[in-house]
Amino acid sequence: MRTFNFSAGPAGLPLPVLESAQAELLDWQGLGTSVMEISHRDPRVIAVFESAEQRIRDLLAVPDDYAVIFLQGGASALFDLIPQNLMASSIHVLNTGAWSEKAIKGAQRHAQVTTTGAAPYVDVAPLAPVSGVDYLHYCHNETIHGVRVGDIGSHDVPVVCDASSSIFSEAIDWAKHDLVYAGAQKNLGPSGVCLVIAKRDRLHSDAPVAPVFNFANQAANGSMVNTPPVFAVYLIEKVLGWIADNGGVAAMDRAAQARSGALYAAIDASDFYSNPVAEAARSRMNVPFLLANDQLNADFVRDSEAEGLMFLKGHRSVGGMRASLYNALPDGATDALIQFMQHFEATRA
Ligand SMILES: Cc1ncc(COP(=O)(O)O)c(C=O)c1O
């Protein structure tokens, strides 16, 4: 039986994607072997990468002057690799939570860093138009604090966005972004790969990084400078097909707003549950919430798991619970959670 998976990441994958991969595991394309067991230079594997790229371009309306690349190292590696690849010496970071803090630390290893915003992360600090630095960095959706930046605004410098926990849940305004990146393991696929979409003329083939982490080099080589994470990209290609079959990014956006809206409404209607984030800054993907009585946290986790509502324990730095509502969350999961929460409150509060 599949349970309802509220994990913050790695997160649940769409069931049809898992079933398709399962069906092909022993014999992919009549080759009598899985896609994991053959060369990445095989034209059929290259076709998977090309299809994944094309689906990304179609789903997110990526302009032609942006490169789409897959990299290893996770989004955490990009906290260092982006300053290096953009050859930045000065960076401004909008700080909206724990992942912004990590981006600041990475940026500080390579450049002078200025910031806007600080803890407690319950709102997005007002950001004046940024100028005079090499770029502005922000995190579109803070996975731990549940804070979303609705509109980054217009700035006189290139804008870099960490969209690890929200990519493919809403459209991206390319007029306002020069580089968008995301680890795969929330809305895109399994861990082990991340996606970088970057304006080509911002990239430097002579950036002082290892060739496998040079964005221009990877873009010129179809993300195959060395052996790439083939199985992860193969699954991503299927997830992207599932998104397209289910109405594209606009439909994912509507579903995310409906799911998170229902959960926030239930939290706000209760004196037992609370979420501290300002309404306009609330994440549509990750909903942290506290119980009025901390002593009941362990019971909540145990009882919810008994109902098939999995991985609701909050991040240790925030406490309480966190429900992650990524694209692949099946219909009915949010309603089941809300019903459980109301029952728990009625019987245990
Ligand atoms: C917003 C955000 N950025 C970056 C990361 C780091 O990703 P990784 O573990 O792939 O390095 C995460 C991981 O959860 C995240 O949520």
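The questions and answers below concern a predicted model, its ligand and several of its residues. In this predicted model, local features need pLDDT of at least 70 and side-chain atom pairs count only at pLDDT 80 or more, while totals for chains, interfaces and linings use all residues. Residues are numbered from 1 along each chain as its sequence is written, and side-chain values use heavy atoms, with hydrogens and water left out.

Q: What makes a residue part of the group that surrounds the ligand?
A: A residue is near the ligand if one of its heavy atoms lies within 4 Å of it. By this rule 13 residues surround the ligand, and Ser76, Thr143, Asp162, Gln185 and Lys186 are the closest.

Q: Why is the pair formed by the ligand and the side chain of Ser76 called a polar contact?
A: A polar contact is a pair of N or O atoms within 3.5 Å; within protein, one must be able to donate a hydrogen and the other to accept it, and residues adjacent in sequence count only if both atoms are side-chain atoms. An oxygen atom of the ligand is 2.6 Å from an N or O atom in the side chain of Ser76, so the pair meets the limit. A nitrogen atom of the ligand lies 2.7 Å from an N or O atom in the side chain of Asp162.

Q: Why is His155 called buried?
A: Buried means under 20% relative accessible area, exposed over 50%, and partly exposed in between (1.4 Å probe, protein chains only). His155 has a relative accessible area of 16%, and therefore counts as buried. The side chain of His155 reaches the backbone oxygen of Ile152 at 2.7 Å.

Q: Why does Ala21 count as buried?
A: The relative accessible area of Ala21 is 8%, so Ala21 is buried. In space, Ala21 and Tyr234 are 8.8 Å apart, C-alpha to C-alpha, although they are 213 residues apart in sequence.

Q: What makes the phi of Phe168 worth stating?
A: Most residues other than glycine have a negative phi. Phi of Phe168 is near 70 degrees, a positive value in a residue other than glycine. Phe168 is also buried, because its relative accessible area is 0%.

Q: Why is Ser223 counted as buried?
A: Ser223 has 5% relative accessibility and is therefore buried. Its phi is positive, about 60 degrees, although Ser223 is not a glycine.

Q: Which bond joins Gly9 and Pro10?
A: A cis peptide bond joins Gly9 and Pro10, with omega about -5 degrees. Another cis peptide bond joins Ala119 and Pro120, with omega about 0 degrees. Most peptide bonds are trans.
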